[in-house]
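Here are a few short exercises to help you find your way around. Have a go at each task before you read its solution.

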Amino acid sequence: MDFDLYEGLYIFEITLGYQVGDEEHMTVPFILRADDSDDAEERVHEYLEINQLAGKFWIAEITEPFDPEEYQTHVDEGERERWDRLEDYSEEDFLEILHSEDL
């Protein structure tokens, strides 16, 4: 997992919530690089708006910040799961999550 040093100071794990019928669900966590928790929230909201997902998904959980090197060490040592970056998912990927819950 290579992190761009210019994306932000810290790593955050973000879990998104979504609703299918009357039931609320949560995605697996995604990682996001940001300068602080406010910046992380803004980046997620911006991502959701750009991909026209703002009404379908919301932030359910956000972790405390992790130092990137420390986070990478925890992943390498198996102490943390290796989650995908939020930016690596497209609108279609998220819509597939919604539709898979309908089955």
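**Exercise 1: a charged trio**

Arg85 and Glu87 join their side chains in a salt bridge, at 3.9 Å from N to O. The model is a predicted one, where local features need pLDDT of at least 70 and side-chain atom pairs count only at pLDDT 80 or more, while totals for chains, interfaces and linings use all residues. Residues are numbered from 1 along each chain as its sequence is written, and side-chain values use heavy atoms, leaving out hydrogens and water.

Task: work out which residues salt bridges join into one network with Arg85.

Solution, step by step:
- Start with the rule: a salt bridge puts a side-chain nitrogen of Lys or Arg within 4 Å of a carboxyl oxygen of Asp or Glu.
- Asp88 also meets Arg85 this way, at 3.5 Å from N to O.
- Shared partners therefore tie Arg85, Glu87 and Asp88 into one network.

**Exercise 2: another pair**

Task: say whether Asp76, which forms a salt bridge with Arg82, is buried or exposed.

Solution, step by step:
- The Asp76–Arg82 bridge spans 3.7 Å, N to O.
- Take the cut-offs: buried is under 20% relative accessible area, exposed is over 50%, and partly exposed lies in between (1.4 Å probe, protein chains only).
- Asp76 has 54%, so it's exposed.
- Arg82 has 44%, so it's partly exposed.

**Exercise 3: an odd backbone angle**

Task: find where Gln52 sits.

Solution, step by step:
- Look in the loop between helix 1 (37-50) and strand 4 (57-62); helices (H or I, at least four residues) and strands (E, at least two) are DSSP runs numbered from the N terminus.
- Gln52 isn't a glycine, yet its phi is positive, about 55°.
- Its relative accessibility is 57%, so Gln52 counts as exposed.
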